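Reader: I want a close look at one pocket. Please keep it brisk and give the cut-offs.

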Amino acid sequence: MAELRPSGFPEYSPSQQLIFDQLKETIEQSYQQFWYTHIHTPAVERNDVLLSKNGEETWKQIFGLYGIAQGAQDLKEYGLHFDLTVPFARYTLDWEHQLTFPFKRYQIQPVWRGERAQKGRYREFFQCDIDVIWKGEKDYFYYDAEIIATLGSTLNKILKSCELQDTAVFHINNKKLVKAFLAEVSQDEEQMQQISTLIDKYKKIGTENFIATLIEDLNISAETSEKILNFISFQSEKIEDCDQILGFADSEAFKEGVEELRTVLTFLKQIKEAMHLDFEWKIDLQIIRGLDYYTGTIFEAVLKNDEKLGSICGGGRYANLTGYIDPKRSDYCGVGGSIGISRLLGKIFDLKEEKKQTVADYLFLHFEENFEAILKLAGTFAEKNQTFEIFPTAEKLGKQFAYADKKGIPYVVIYGQGEKEAGIYKIKNMQTGEEKSVSLLE
């Protein structure tokens, strides 16, 4: 029988959901350790807010609300949010008098996009966002580095908690640098956009198709096409190699982008060394980040040993994001990033078969003649914040043990009449079979 659930909307088994919840908790704790404040916004936003930036392109992604059965015509004005950045911009405008700027927030919620479902791409998925937003023209380049450091530290905590032998590698660029370079190789705005889109597809289509498309479809000369290829092929793990980038273009805007990149990487190196963080980074001029609102630092992260998985994290700096919602209040700038937990979970589920289906660490066996005493003993476990289940009926012990084994509960508590008379209870380790006696007086 075919699955009944809708395509592109993930749903997990109990053991998978447990992994998801643990990863979400790891992310949340890590964000808090870097001093980010939690907020939550509604699942829906007004359509005019959602469409405030890139309206025509965004419209294709929005899940709208109709409310036909309820006769609620006003619901047509709302849609499910497709990311968390636009809702955050709206939140900033609504709460600006209660916020202290720079304002650092994290937000972990599902988002919905109306696109074709495929492996690694879903119509519903969780985003785990952090952003810093401030008012005015100050640069605060330190925050670009802190955002990357927070995400890098968080990703490696996830990998370690799941026992995955891998490392997050951040590929870092600057949007000013990209735009200034494209402006020197083409004076046509539409052609610049086409080149940018093609660069974004480079890894999928390969060098030969990339050059052929530039020359044959976009009418770019062979010499300029080679220059573009050399530009996007530049990678380095050394801050001093920013000097080499200066050779690709000569405009003041290009130089400004290079210096911003140098400043951010210097901060990032200092934070990594001071806090002993172990993720990796490299300059990568191929990083484009399609969303138009990025105006400075841009970055994506991949797994060092599994780049084919694709980007597991991305973000960048933006200016005047709130101005798309309200042109009179366009003086908010910020930088942020997001971890794509759904793509990571797919890898973890493929590699790690989890048996544990519950948060319970103990199962209390049910002995009818001693059940009231068992409940009292369970109460002492609850007082110590120990997690447990109580088997509901006095079934054969084999069945009760099998229940614990199937759910992956690591310990069974045995407190029958004999144990009660001896003033003890027993704890059995379900993995080793070892039993130990514990005095009721402890």
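Author: Here is the pocket, followed by the chain around it and one residue. The model is predicted: local features need pLDDT of at least 70, side-chain atom pairs count only at pLDDT 80 or more, and totals for chains, interfaces and linings use all residues. Residues are numbered from 1 along each chain as its sequence is written, and side-chain values use heavy atoms, without hydrogens and water.

The second largest pocket has a volume of about 210 Å³. A pocket here is an open set of points on a 1 Å grid over the protein atoms alone, where a 1.4 Å probe fits, with protein on both sides within 12 Å along at least five of seven lines. Volume is the space filled by probe spheres set on the points, which are joined across faces, edges and corners. Lining residues have an atom within 4 Å of a point. They are Lys355, Lys356, Ala404, Asp405, Gly408, Ile409, Pro410, Tyr411, Asn429, Met430 and Gln431. Five are nonpolar, three polar and three charged. Tyr and Met count as nonpolar, Lys and Asp as charged, and Gly as polar.

Now the chain. Its C-alpha atoms fill a box of roughly 90 × 60 × 50 Å along the principal axes. Of its 442 residues, 48% are buried, meaning under 20% relative accessible area with a 1.4 Å probe, protein chains only.

Last, one residue. Ser153 is buried, at a relative accessible area of 8%. Ser153 touches Ser30, Phe34, Leu277 and Phe279, leaving aside residues up to four places away in sequence. Contact means heavy atoms within 4.5 Å.

Notes: Buried means under 20% relative accessible area, exposed over 50%, partly exposed in between (1.4 Å probe, protein chains only).
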